[in-house]
Amino acid sequence: MPLSNEKLLELYRKMLMVRSMEELHDKLLKEGKIHLMGHFGTGQEAVAIGVTGPLRKQDILFGTHRGVGEFIGKGMSPKHIWLEYLGKKAGLCKGKATLHLADRENNIPGVVSSLGSDFSMAVGTALAAKMQKLDQVTLYFVGEGTCNQADAHPSMNMAALWNLPVVFAVCNNQLCEMTHMGECYTTPDVSPRAACYGIPTEIVDGQDVEIVYEATAKAVEHARSGKGPYLVECKTFRMAAHYSGDPGGYVDPEELEKWAKRDPIDLCCKKLLETKVLTAGEDKKTREAVAAEAREAFETAFSSPDPSVKDLFEDVYSQKGGR
Amino acid sequence: MARKINFLQAINEAMAEEMRRDPKVFVMGEDVHVGVFGQTAGLVKEFGDERILNTPIAENAITGVAMGSAMNGMRPVLELMFLDFAMLAMDLICNQMAQWRYITGGQYPVPVTVRTALGGGIRMGYGHSQCLESQFVQTPGLILVEPSTPYDAKGLLKSAIRSDDPVVFFEHKKLIFGGIEGEVPDEEYTIPFGEAVVRKPGKDVTLVAFGFMVYEALTAARELAGQGIDVEVIDPRTIVPLDKDTIFESLEKTGRLVTVEEGRIRGGLGAEIAALACSEYFSLLKAPVQRVAAPMVPIPGSAVLEDLYLPNKDAIIRAVKRAM
């Protein structure tokens, strides 16, 4: 069932915000205004926004180091993203996480450094939801590279074994850090690995935000209704470097050219213009407004104070705990 | 009123009482229905197999499941059967759950209790017998508990389960198998972290011993008393936080310090105490600090070799005499 015009426009605007935030981050790095290196998801915006689209506020999202996409999708504000990325005291994590940001109000528990260390955490939050009979799904957003990590299989096994409300949303962007997927996998797809546990799977075109949204909505409903885990695999390509300034030279320029022709934002824009949901003029205005919003959020965050030495020692233990 | 129970019963009772008290508490681990050493025996009958959750064999992953459940409202008691196997879970214990509260700016506390059995003398060799507490000491954010009596085991385990911080709770196998008995009150009680107990007062030497070594230290103390040396035996009960006040008040009295652990000597628990003594309490020392610990070798399977490896009362006596 196709999305309403309003919904599609909302997703489009979110994809524009992701692209704006990351382009701005890249610019800020060059200007020396931010320390945190960029892990950009250029070209993957439809996956990030599409898989988070069906989630409600009470649902839990585990996102990644390349996370602006999914965090914007889950409802995190650009200002809070900048505050934490800049390491500011007013950040939700008091500047201590930066890359690993968490937002409890939006049910984003944080980001790990060692990829896949959170695979089993997602199974755990889902277990807790089931035990407490919560109306809540956990969505574990993960790259295909990370699906080779130690806990991928035990996590999928336990999710299926205990019939847990967890959706594994695999962003298959063909690149495992700086190595092509073909050098890490004997198969082109991740899904067969989940299928061996009896977990239903679907592989979709990750460049089309509507397709991603619909597939994930089906998966989330499956999990929500007590039928257990589901895996959605979105095929896309990472147009950006693994991290800004990485050595490069590991991607075939022809492959980049091929995928550039199916840029997810261009595809969505085309759809909106063709169905006259937007005019070219309105689109231009929207893009400008989004870029301005991203910039304004950064400026506000940038002028916010840094933490100090007292903050260094806070929150190691709870107040009741050890010293 | 009080009654006598053994170390195993103390652990079992603590878990049962906390589960009756708080529906968020549950137990998970490998073989917890049966209970390989018996700590969880009988619990599944009272609490059912959803609250006493048998897991597949996957130490790192089940630790992550415990962490995730704790981040989302539950209070898991995770059993990692042998401390040696907990090495598979070091990422989740030391990189992740210990540090998550801090990294998330306090948004996500992780109230997990990890219970694990340590210690040698059971002739099972290198991977079933180690004392590896010091591997966790360098990690900020963990509470490390090592009781030596049923009273302490029960009170500290209850505190661990109620704590909002991740706790690693070390259970020595000899205390589980040895039927060590002790009195526990009928009334509800917990023990705060960071409070040592003086097991035997003395004026000549301060002996700080951990876990099962408390008993070897007390045996050594009795023998030394016969030789006119009056040893004070301190049981820290928690490794982190460490009750420095009790230890160094004792040192002020005796001027001589001997540490005793079953773990290996390099960078061990005694090393930290010795460093504290040297850097913060140097003027109190009448002699160099002595450390009794296992040598830097893997634990051999041979009974003869294992007995040579393990610290015991004779090694403690020799160390005390070196300190005199």
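The following dialogue takes up the pockets, helix packing and backbone features of a predicted model.

Q: How much space lies in the largest pocket?

A: Rolling a probe the size of a water molecule over the atoms reveals where empty space remains. In this predicted model, the largest pocket holds about 510 Å³ of space.

Q: Which residues lie nearest the centre of the largest pocket, and which elements give two or more residues to its lining?

A: The lining of the largest pocket comprises 20 residues, and those nearest the centre are V137(B), I239(B), V240(B), L242(B) and E272(B). Two or more lining residues come from each of helix 6 (134–137), strand 12 (238–240) and helix 11 (269–280) of chain B. Helix 11 of chain B provides the largest share, namely 5 residues.

Q: How does the lining of the largest pocket divide by class?

A: The lining of the largest pocket contains 12 nonpolar, 5 polar and 3 charged residues.

Q: What is found in the second largest pocket, in terms of space and lining?

A: The second largest pocket has about 360 Å³ of space. Its lining is made up of 27 residues, with H65(A), L115(A), G143(A), G145(A) and T146(A) nearest the centre. In chain A, strand 2 (138–143) and strand 4 (175–176) each contribute at least two residues to this lining. Strand 2 of chain A contributes the most, with 4 residues. By class, the lining of the second largest pocket has 10 nonpolar, 12 polar and 5 charged residues.

Q: How should the packing of helix 1 of chain A and helix 8 of chain A be read: what is the angle at which their axes cross, and what is the hand of the crossing?

A: A pair of helices may be described by the angle between the axes, and an angle of 65 to 115 degrees counts as roughly perpendicular. The axes of helix 1 (residues 5–31) and helix 8 (residues 209–224) of chain A cross at roughly 110° and come within 11 Å. Helix 1 of chain A and helix 8 of chain A are therefore roughly perpendicular to each other. The crossing of helix 1 of chain A and helix 8 of chain A is right-handed. On the side of helix 1 of chain A, the contact involves K7(A), L8(A), L11(A) and M15(A), while helix 8 of chain A supplies V209(A), E210(A) and Y213(A). The residues of this contact comprise 5 nonpolar, no polar and 2 charged.

Q: Why are helix 10 of chain B and helix 11 of chain B described as oblique to each other?

A: Their axes lie 12 Å apart, and helix 10 (residues 244–254) of chain B packs against helix 11 of chain B at an angle of about 60°. Helix 10 and helix 11 of chain B are therefore oblique to each other. Their crossing is right-handed. From helix 10 of chain B, K244(B), I247(B), F248(B) and L251(B) meet I273(B), L276(B), A277(B) and E280(B) of helix 11 of chain B. This contact has 6 nonpolar, no polar and 2 charged residues.

Q: Is the peptide bond from V240(B) to P241(B) cis or trans, and where is P241(B) placed?

A: The bond from V240(B) to P241(B) is cis, and its omega is near 0°. P241(B) belongs to the loop between strand 12 and helix 10 of chain B. V240(B) also figures among the residues nearest the centre of the largest pocket.

Q: Is the phi of R123(B) positive or negative, and where is R123(B) found?

A: Although R123(B) is not a glycine, its phi is positive, at about 65°. R123(B) sits in the loop between strand 5 (113–118) and helix 6 of chain B.

Definitions and conventions. Residues numbered from 1 in each chain as written. Chains lettered and ligands numbered in written order. Predicted model: local features only at pLDDT ≥ 70, side-chain atom pairs only at ≥ 80, totals over all residues. Heavy atoms only, no water. 1 Å grid on protein atoms, 1.4 Å probe; cavity = no way out; pocket = protein on both sides within 12 Å on 5 of 7 lines; lining within 4 Å. Points joined across faces, edges and corners; volume = space filled by probe spheres on them. Nonpolar A, V, L, I, M, F, W, Y, C, P; charged D, E, K, R; others polar. Axes fitted to C-alpha atoms, helices over the stretch in contact; angles between N-to-C directions. Parallel < 35°, antiparallel > 145°, perpendicular 65-115°, else oblique. Left-handed = near helix turned anticlockwise from the far one by under 90°. Contact = heavy atoms within 4.5 Å.
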